[in-house]
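User: Could you go through this model with me? I'd like to begin with the odd backbone spots and then move on to the sheets and helices.

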Amino acid sequence: MLIINCKIITWQTPNQILENQAILIKGQKIVRVGSEIQLIQDYPEEERVDVHGQWVMPGMICAHTHFYGAFSRGMALMGDPPLDFLQILQKIWWPLDQSLDEEAVKYSTLVCLIDAIRHGTTTLFDHHASPNFIDGSLDVIADCLLESGLRGVVCYEVTDRGGVEKAERGIRENIRMVQKARQGGFEGRVKATFGLHASLTLSEETLEKSRAAVDSDTGFHIHVAEHEVDEYDSLNKTGLRVIDRLQKHAMLGNHSIIAHGVHMDMKEVSLLAETETWLSHQPRSNMNNAVGLADIDSALRMGVKVCLGNDGFSNAMLDEYQAAYLAHKLWNKDPQRMNGASLAEIAFQNNAALASHFFAEEGQIGIIEEGAQADLILVDYLPFTPLTAGNLPWHIQFGFRDSMITGTMVAGKWLMRDRELLTLDEKQIAQRAMSAAQATWKRYQQQF
Ligand SMILES: [Zn+2]
């Protein structure tokens, strides 16, 4: 198809805004980007999609999320309210993930995927936990991704919190999915990494087993130093800070994703830079959990590949972007923190590099140029001040809204057109999710 009558935001480096140009898509890929008149002349038979002057940009990417957390919405907490991060885990997330069965995992995933399609998020890195439904849980998520048409990278959070047997099951689930994803299939839209919960719930033995379970081409996806308690626990158990501990286990590197890193020291930050490990930042979650904010500006200056995730908050990455811009200014009482250009580098270019790394066989993701995967969104934004490649980050901050996203395409296939979902039945899924959520809440309550 030929996408015409559009303005194109390429998110190349440096970013470009193209006018009077069209995008030719064949199969899963962008085949040509060039003069609209020329492309119409060269491809007269091609189906033309007139987008009426809307902005076309690459689909947004979420570097860290938890589909399993969706049913926490509106859930009544049991007992006294949590006082700190560890209690938040103990009173909310752990009893919730223990309450998930196969049906709950499926519908919790699907509601997140609907949210993602609606809000232009086309690739998501999920970090899954369901300790009473481990075997095959990643297949359920992969099937949902396939059905939705989205792109995802899945993993299972290995932890010792449920004992050795469950930790081993988690390891096996990761191995199984890493191998399955590597064999191809999944239409090139689902990949896998090896998930680990966090240093504070992992023994030395489990880390050793996990590293030995996969080859060096497989990376790890793990929470790090989300709260000081993770560092204290690691120092207490091993005498090492968390990143040093992961380094000792050969778990850092350009295939690995560290989520949060709020309480790392400078040596840990420099280790991430040296080893080219990805750091995913989730400011909405950090604010909600009251854990502070990582010094992202310094991490960027030190060369760390910082990306943006949502940690299970809404799958509208515009919201995370807009929160990041504001949060760092307030936290540091410094209006120069989290400059729009730095934020755009994190949210667009670095997230694109992360996705392109994991989908290397499919080609570039998160960029509009010839040869890249056709993962695109349409944004119905009518600026009333000049918009250039230079000031775009501030238009996104102050002008773009989730509701302006009217179309979502992944691998050359429309998942939403004119705000109408084309792959998933939202009403039917919401209905099934409602009963799965009620059953999940009941199991949650029974644990107190
Ligand atoms: Zn997380």
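**Backbone, sheets and helices**

Analyst: Asn5 is partly exposed, because 14 other C-beta atoms lie within 10 Å, a count between the 12 or fewer of an exposed residue and the 20 or more of a buried one. Please keep in mind throughout that this is a predicted model.

User: Where is Asn5 found, and what is its phi?

Analyst: Asn5 is found in strand 1, and its phi is positive at about 55° although the residue is not a glycine.

User: Which other residue that isn't glycine has a positive phi, and is it buried or exposed?

Analyst: His260 has a phi near 85°, which is a positive value in a residue other than glycine. His260 belongs to strand 12 and is buried, because 28 other C-beta atoms lie within 10 Å, where 20 or more are enough for that label.

User: What does strand 12 pair with there?

Analyst: Strand 12 (residues 257–260) is joined to strand 13 (residues 278–281) by three bridges, and the two strands run parallel. Within strand 13, Ser280 is the residue that stands opposite Ala259.

User: And what's the order of strands in the five-stranded sheet?

Analyst: That open sheet has the order 10-11-12-13-14, with parallel pairing. Its edge strands are strand 10 (194–198) and strand 14 (305–308), each of which pairs on one side only, and the twist averages 25° from one strand to the next.

User: OK, now the four-stranded one: what's the order, and which strands stand at the edges?

Analyst: The four-stranded sheet is also described as open, with the order 6-7-8-9 and parallel pairing. Strand 6 (60–65) and strand 9 (190–192) stand at the edges, and each has a single partner strand, so one side of each is left without a neighbour in the sheet. Neighbouring strands of this sheet are turned by 15° against each other on average, with direction ignored.

User: How many bridges join strand 6 to strand 7?

Analyst: Four bridges join strand 6 to strand 7 (residues 121–126), and these strands run parallel. One pair of bridge partners is Thr65 with Asp126, the latter in strand 7.

User: Switching to helices, how many residues does helix 3 have, and how far does it reach?

Analyst: Helix 3 (residues 102–118) has 17 residues and reaches 25 Å from its first C-alpha to its last, close to the 24 Å expected at 1.5 Å a residue. The helix is mostly covered, with 14 of its 17 residues buried, and it is followed by Gly120, whose phi is positive, near 75°.

User: What about Ile175: where is it, and what is it in contact with?

Analyst: Ile175 is found in helix 5 (residues 164–182). If its neighbours within four places in sequence are left aside, Ile175 is in contact with Ala213 and Val214.

User: Why is Ile175 partly exposed?

Analyst: Ile175 has 17 other C-beta atoms within 10 Å, so it counts as partly exposed, since a buried residue would need 20 or more. The C-alpha atoms of Ile175 and Phe358 are separated by 16 Å, with the two residues 183 apart along the chain.

User: Last one: which residues does the cis peptide bond join?

Analyst: The cis peptide bond joins Thr13 and Pro14, with omega about -5°. Pro14 lies in the loop between strand 1 (2–9) and strand 2 (17–26), and strand 1 is also where Asn5 is found.

Key:
Residues numbered from 1 in each chain as written. Predicted model: local features only at pLDDT ≥ 70, side-chain atom pairs only at ≥ 80, totals over all residues. Pairing = 2+ DSSP bridges. Axes fitted to C-alpha atoms, helices over the stretch in contact; angles between N-to-C directions. Contact = placed C-beta atoms within 7 Å. Expected span 1.5 Å × (residues − 1).
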